[in-house]
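Reader: I've got a model open and I'd like to talk through a few of its contacts. Can you walk me through them?

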Amino acid sequence: MTWNPSSWQAFDARQQPSYDDQGELAQVLQHVAMMPPLVTAWEIDRLRRHLGEAAKGHRFLLQGGDCAERFDECRPEIIANRLKVLLQMSLVLIYGLRLPVIRVGRLAGQYAKPRSADFEGDGSARLPSYRGDIVNAPEFNPEARRPDPRRMMTAYEHSAMTLNYVRALGEGGFADLHHPEQWDLDFVTSEKLRDEYQSIVNAILDAIRFTEAVSPTPLSNTDRVSFFTSHEALILPYEEAFTRATKDGVYNLSTHFPWVGKRTNSRDSAHIEYVRGIRNPIGLKIGADMDATDLKSILDRVDPDYEDGRVTLITRFGADDIERDLPRLIEAVSASGHPVLWTCDPMHGNTEVTEDGLKTRQFENILAELEQAFDIHHVYGTVLGGVHLELTGENVTECTGGARGLKAKDLHEAYESQVDPRLNAEQALEMAFSIVRKCRTMRSKNV
Ligand code: PEP
Ligand code: CO
């Protein structure tokens, strides 16, 4: 069957808003489709190569950011803090794992959310669910919850503003590895974490100074860092509008790295039909309900050429289920011959609700799933080449545990997420150290 940017329309498109004015929808999409793209095919090709190397254990993927970005959080300090925590984590990982780190933000377009129910409330108080700022607003009233196509244009504008600032920070002094002291540890209260981080920064600075002293030409790439964007490719009319033909093929130029969420990742879904035709590397979220045969057919559709870097499988089972479900899927994928990059999302299978009704995740469970993922891949001869985290650079209290020992009763202090609970900056940095500790223990056992 031939593919084109709208061929997904003949398939089962789940999790789509139902817009009440088709004329308005068409008008917005026509407008969006004329907008300049946010990223280029060259950048996307480079990311695909890097992901291919991560699959072989030569790089490590750090993918992280908000569960959902909000239009009103498109603010300089929030964007800079988010970038800062990802940079700090990547320093820890580069130094600790002795591997280049691919930094990918869930940002500059992560505005759409799949929901378990189409509606909330009942009777006269029944309203469409909040599906992310690209669709509607979270306030519980008919005006806010009406899916508004014009929000797609606003999402594009906010993505562009965010990415513009991220690029400016990445090119300029902010991301200069000579000055990591700029990435201060405002939110880190643990002395131990601060000291550990400081000693890594000092060691890196020493290494850079030494190499530059003995090398006639300055090190390239130490004054800037590369950074890629990703988001869930959920609202297909929007993704279609950014699907552009270039001389190297058809790309989605709204992001470097689109992923298909767990709820839309199935063999005959419109989402799989859509992504199979674009040249971007594709992430596929996989939960405990994924059948091994189905996964193989999805891979055959999305990766017919068995291409390095083409598919990243992001597993999210939960600390209690990973041991049951990851091995069977690894065996199926290894037998299929598709050269996938395996990464672990230890967030989405470990969500729970506190007695006061707040969604949370325990640091210990997140880490437990991640550690098991490392062990299981090792046993099965595959590589865990990355991690996918929901985190923020702010000092929120959404996940429990970690160095500050946040308890369920503390979560009210600064709970901001409208959707899933995120690691705060301190917990995120601690997670990076925990990953390093785990890998070092594994390596020392192997020698
Ligand atoms: C997400 O990444 O925010 C998400 C909804 O994940 P999943 O599709 O894995 O449930
Ligand atoms: Co989420």
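Author: Sure, and keep in mind that this is a predicted model. A good place to start is D325, which has 3% relative accessibility. Buried means under 20%, so D325 counts as buried.

Reader: Which residue does D325 form a salt bridge with?

Author: Look along helix α10 (residues 322–336), where D325 has a partner three residues apart, about one turn of the helix. That partner is partly exposed, with a relative accessible area of 29%. The closest N and O atoms of the pair are 2.9 Å apart, and the partner of D325 is R328.

Reader: Okay, now R59 and E53: is R59 buried or exposed?

Author: These two form a salt bridge, with the closest N and O atoms 2.6 Å apart. E53 has 31% relative accessibility, so it counts as partly exposed. R59 comes in at 18%, and because the cut-off for buried is under 20%, R59 counts as buried.

Reader: What are the protein donors of the cobalt ion (ligand 2)?

Author: In sequence the donor residues are spaced C-x280-H-x41-E-x29-D. Two of them, H348 and D420, link distant parts of the chain, 72 residues apart, and both are buried. The donors lie 2.1 to 2.4 Å from the ion, and they are C67 (SG), H348 (NE2), E390 (OE) and D420 (OD).

Reader: Last one: how many salt bridges does the count come to?

Author: Some link up in a network, the one joining D20, E24, R146, D148 and R150. Another is the pair E77 and R75, at 3.3 Å, N to O. The count comes to 37 salt bridges.

Definitions and conventions: Residues numbered from 1 in each chain as written. Chains lettered and ligands numbered in written order. Predicted model: local features only at pLDDT ≥ 70, side-chain atom pairs only at ≥ 80, totals over all residues. Heavy atoms only, no water. Donors = N, O, S within 2.8 Å, 3.2 Å for Na, K, Ca; no water. Helix = DSSP H or I, 4+ residues; strand = E, 2+ residues; numbered from the N terminus. Buried < 20%, exposed > 50% of the residue type's maximum accessible area, 1.4 Å probe, protein only. Salt bridge = Lys/Arg side-chain N within 4 Å of Asp/Glu carboxyl O.
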